[in-house]
Amino acid sequence: MEIILNIISGGLSGALLVWLLRHWISERIKESIKHEYAQRLEAYKAELNANMQAALHEHQLYQLRTSLFFEHQRLAFASILSQIAETKQKWFEVCYDSELGWQEQVPVPTGEYDKLKKAYYDHQLFLDQDCIFALDLVLEAMSDSFPVQEGDGTLHHRDCEEPYERLVFLQERVALLFQEKIGLRVSHEIKTELALLGAIRLLNRYHFKDIDLPVEGSLKLTADDKAFDAVIKARSNEVELISRLTEFRNHLEKEAFFHDAREKANRCLIILSAEKKTPV
């Protein structure tokens, strides 16, 4: 009997020892896993915090860059608009005589024209394609008042009333476009009007016999057509305008020269196509 009790007692002790050993191992494993997960969690938290700090820093830098760009853009717009207004005023002063009236062949003062070009080039970094396109039209209106040299070397003075009136038309629309760019208004009509004016003048300005330019018929501009009249003609015949302008743009792509005209034609097509939501 004693032997049996010893065996049972030893078996129970062994079972208890095995159970204790298993429990101890289980707890050690649990603690090890818990410790490993705690380390991973801390590492993840540290990485997440670092990423959040980096994202916050990048966001702050972006806001700073945006704020600085916006401020520079605002100053650029103000400077350019101020110079356009001053140039127009000085032009009017030399063109208009209280006794003789409007002097038709007096071009824009070259000094003021050069100041505007400088303001434009100084701030060009802060101008997008719409603004550059609009200011190119402004400079073109002014340069259209300058005399042209004939083949024999003599200067031919041009009628400056239409270029001056065109500048007046453009001045208001450039100001509205700049307001749109800084969020003071929302309107796509201004860009459309600029594109219509630029497009119809391109089709009347260049001479390419193989594509029948300058245009005749409903898109032809006369000496009496002012900027507003040109926009109305372009709008009334917009389908033909876009078709002829596309032909003109494609023709210039084969030419080695006329880069500025090609870019201007393409810009007009982009604006007009965006208005109609059609591909260029």
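# Exercises on helix packing in a predicted model

Helix α7 has 15 residues and extends 21 Å from its first C-alpha to its last, close to the 21 Å expected at 1.5 Å a residue. The model used in these exercises is a predicted one.

## Exercise 1. The overall layout

Work out how many helices and strands the chain has, and in what order they run.

Solution. Begin with the count, which comes to eight helices and four strands. Next, follow the elements from the N terminus, where the order reads α-β-β-α-α-β-β-α-α-α-α-α. Then turn to burial: of the 280 residues in the chain, buried residues make up 34%. Finally, consider the contacts with a separation of 6 or more, of which 65% are accounted for by residues 24 or more positions apart.

## Exercise 2. Helix α4 and its partner α3

Compare the span of α4 with the span expected for its residues, and then determine how α3 packs on α4.

Solution. Helix α4 covers residues 161-181, and its 21 residues should span 30 Å at 1.5 Å a residue; the end C-alpha atoms are 30 Å apart, which agrees. After α4 comes G183, whose phi is positive, near 85°.

For the packing, take helix α3, which covers residues 129-143, and note that its axis is 9 Å from that of α4, at an angle of about 165°. Angles over 145 degrees count as roughly antiparallel, and α3 is therefore roughly antiparallel to α4. The crossing of these two helices is left-handed. On the α3 side the contact is made by D130, C131, A134, L135, L137, V138, E140, A141 and M142, while α4 contributes P163, R166, L167, L170, V174, L177, F178 and K181. Sorted by class, the contact of α3 with α4 has 13 nonpolar, no polar and four charged residues.

## Exercise 3. The other partner, α5

Find the angle at which α4 and α5 cross, and state which residues of the two helices meet.

Solution. The axes of α4 and α5 come within 9 Å and cross at roughly 145°, and the crossing is left-handed. In α4, the residues that meet α5 are E162, R166, F169, L170, R173, L176, L177 and E180, and their counterparts in α5 are I190, K191, E193, L194, L197 and R201. By class, the residues of the contact of α4 with α5 divide into seven nonpolar, no polar and seven charged.

## Exercise 4. Helix α7 against α5

Establish how α5 and α7 are oriented to each other, and which residues of α7 are buried.

Solution. Helix α5 covers residues 189-205 and helix α7 covers residues 238-252; their axes come within 10 Å and cross at roughly 60°. The two helices are therefore oblique to each other, and their crossing is left-handed. Within the contact, L196, A199, I200, L202 and L203 in α5 meet E238, L241, R244, L245 and F248 in α7. The residues of this contact of α5 with α7 divide into eight nonpolar, no polar and two charged.

For burial, list the buried residues of α7: E238, L241, I242, R244, L245, F248, R249, H251 and L252. As a general point about spacing, an α-helix has 3.6 residues a turn, so residues three or four places apart point the same way.

## Exercise 5. Backbone features in the loops

Locate the cis peptide bond, and decide whether D212 and F258 are buried, partly exposed or exposed.

Solution. The peptide bond from L213 to P214 is cis, with omega near 5°, and P214 lies in the loop between α5 and α6. D212 is placed in the loop between α5 and α6, and has a positive phi of about 55° although it is not a glycine. With a relative accessible area of 56%, D212 is exposed.

F258 lies in the loop between α7 and α8, and its phi is near 60°, a positive value in a residue other than glycine. The relative accessible area of F258 is 33%, so F258 is partly exposed.

## Exercise 6. The surroundings of L139

Describe the burial of L139 and name the residues that L139 touches beyond four places in sequence.

Solution. L139 is found in helix α3 and has a relative accessible area of 9%; because buried means under 20%, L139 is buried. Leaving aside residues up to four places away in sequence, L139 touches Y113, L116, K117 and Y120. L139 and D114 are 25 residues apart in sequence and, from C-alpha to C-alpha, 9.8 Å apart in space.

Methods. Residues numbered from 1 in each chain as written. Predicted model: local features only at pLDDT ≥ 70, side-chain atom pairs only at ≥ 80, totals over all residues. Heavy atoms only, no water. Axes fitted to C-alpha atoms, helices over the stretch in contact; angles between N-to-C directions. Parallel < 35°, antiparallel > 145°, perpendicular 65-115°, else oblique. Left-handed = near helix turned anticlockwise from the far one by under 90°. Contact = heavy atoms within 4.5 Å. Nonpolar A, V, L, I, M, F, W, Y, C, P; charged D, E, K, R; others polar. Expected span 1.5 Å × (residues − 1). Buried < 20%, exposed > 50% of the residue type's maximum accessible area, 1.4 Å probe, protein only.
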